[in-house]
Amino acid sequence: MLKFYYSGAPNPTKVALFLEEAGLPYEAIPIDTRKGDQHKPEFLAINPNAKVPAIVDGDATVFDSNAILLYLAEKTGKFLPPNTPANRGELLSWLMFVATGVGPYSGQSVHFRHYAPEKLAYAINRYTFEAERHFGILDKRLASKRYMVAETYTIVDMDVWGWSRLIPTVLGEEFWAKFPNLKRLVDEISARPAAMRAAALKDKHKFKTEMDDEAKRAMFPQNLRLAS
Ligand SMILES: N[C@@H](CCC(=O)N[C@@H](CS)C(=O)NCC(=O)O)C(=O)O
């Protein structure tokens, strides 16, 4: 059975959404990143980048949420737009846009707003500005389209859902008012039974919630260099 290495964070949750939507049987294996599971040799053999999500599907090992979404969609033939070069181009463009823009800027915005030891105005401004700009581009796209690519619900919508549903944490609750079209898509997907199951997956395991010294060492290893 497909092994899914996960935590309750946004990147694993979008893969959980695909697995639930597609009805693929899988074994969910918790990686508690606040306890440092991501750095264990057995997990590094699966994802040398020490992050979740990752999957092992027979002899295929895939890491990085966007790569996994594309791999699973192509393998199953599900949640892809009609197979034309134009749709394929759009699919790849928006997947890469989320992978290289929405995800990293949102992650850094969360880091500097909520976890950095100092409230650095420059960093907070830089990353909230860029995260907001990226969500604005998604919102504009969705002003004239029900879904991100073609006329159907695809892996790009799942990808967008992963981080967008956390806009209150990334930017602040008040920001929803700026992205009404994106909110419409997020609300539509969040109401799907598969999305509810994906979001609830984190409750199947007791993940550590404290951001104590052990968690900071595991998740922010750059601090060790500062301390030495
Ligand atoms: N580009 C990767 C990013 C993965 C990533 O940053 N995962 C986070 C959870 S959303 C993680 O594992 N954090 C633990 C850590 O950084 O130690 C993807 O899209 O899968």
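Start with the ligand: one of its oxygen atoms sits 2.6 Å from an N or O atom in the side chain of Lys51. Keep in mind that this is a predicted model. Ser65 makes a similar approach through its side chain, where an N or O atom is 2.6 Å from a ligand oxygen. Val52 uses its backbone instead, with an N or O atom 2.8 Å from a nitrogen of the ligand. Here are those three pairs side by side.

| Residue | Part of the residue | Ligand atom | Distance |
|---|---|---|---|
| Lys51 | side-chain N or O | oxygen | 2.6 Å |
| Val52 | backbone N or O | nitrogen | 2.8 Å |
| Ser65 | side-chain N or O | oxygen | 2.6 Å |

How much of the ligand's accessible area does the protein cover? On its own the ligand has 510 Å², and the protein covers 80% of that. In all, 14 residues surround the ligand, and Gln38, Lys51, Val52, Asp64 and Ser65 are the closest.

Now for the nonpolar cores. The largest one has 56 residues, and those with the most contacts inside it are Phe4, Leu17, Phe18, Phe135, Leu138, Ile155 and Leu182. Helix H4 (residues 85–115) supplies the largest share of this core, 8 residues. Apart from it there's another core, made of 8 residues, including Ile29, Ile46, Val52 and Val56. So Val52 turns up twice: in that second core and among the residues closest to the ligand.

Leu17 is a good residue to click on. You'll find Leu17 in helix H1 (residues 10–22). Is Leu17 buried or exposed? Its relative accessible area is 0%, so Leu17 counts as buried. In soluble globular proteins, nonpolar side chains tend to be buried together. Setting aside residues up to four places away in sequence, Leu17 touches Tyr153, Met158, Trp161, Ile189, Ala194, Ala195 and Ala198. Along the chain, Leu17 and Ala191 are 174 residues apart, yet their C-alpha atoms are separated by 12 Å.

Lys35 gives you another kind of site to look at. Lys35 belongs to the loop between strand E2 (26–30) and helix H2 (41–44). Its relative accessibility is 46%, which means that Lys35 counts as partly exposed, given that exposed starts over 50%. Leaving out neighbours within four places in sequence, Lys35 is in contact with Lys208 and Glu214. Phe175 is 140 residues from Lys35 along the chain, and 32 Å separates their C-alpha atoms.

Terms used. Residues are numbered from 1 along each chain as its sequence is written. This is a predicted model: local features need pLDDT of at least 70, side-chain atom pairs count only at pLDDT 80 or more; totals for chains, interfaces and linings use all residues. Side-chain values use heavy atoms; hydrogens and water are left out. Helices (H or I, at least four residues) and strands (E, at least two) are DSSP runs, numbered from the N terminus. Buried means under 20% relative accessible area, exposed over 50%, partly exposed in between (1.4 Å probe, protein chains only). Contact means heavy atoms within 4.5 Å. A nonpolar core is a set of buried Ala, Val, Leu, Ile, Met, Phe, Trp, Tyr and Cys residues joined through side-chain atoms within 4.5 Å. A residue is near a molecule or strand if one of its heavy atoms lies within 4 Å of it. A polar contact is a pair of N or O atoms within 3.5 Å; within protein, one must be able to donate a hydrogen and the other to accept it, and residues adjacent in sequence count only if both atoms are side-chain atoms. Accessible areas come from the Shrake-Rupley method with a 1.4 Å probe; for residues, only the protein chains shown count as cover.
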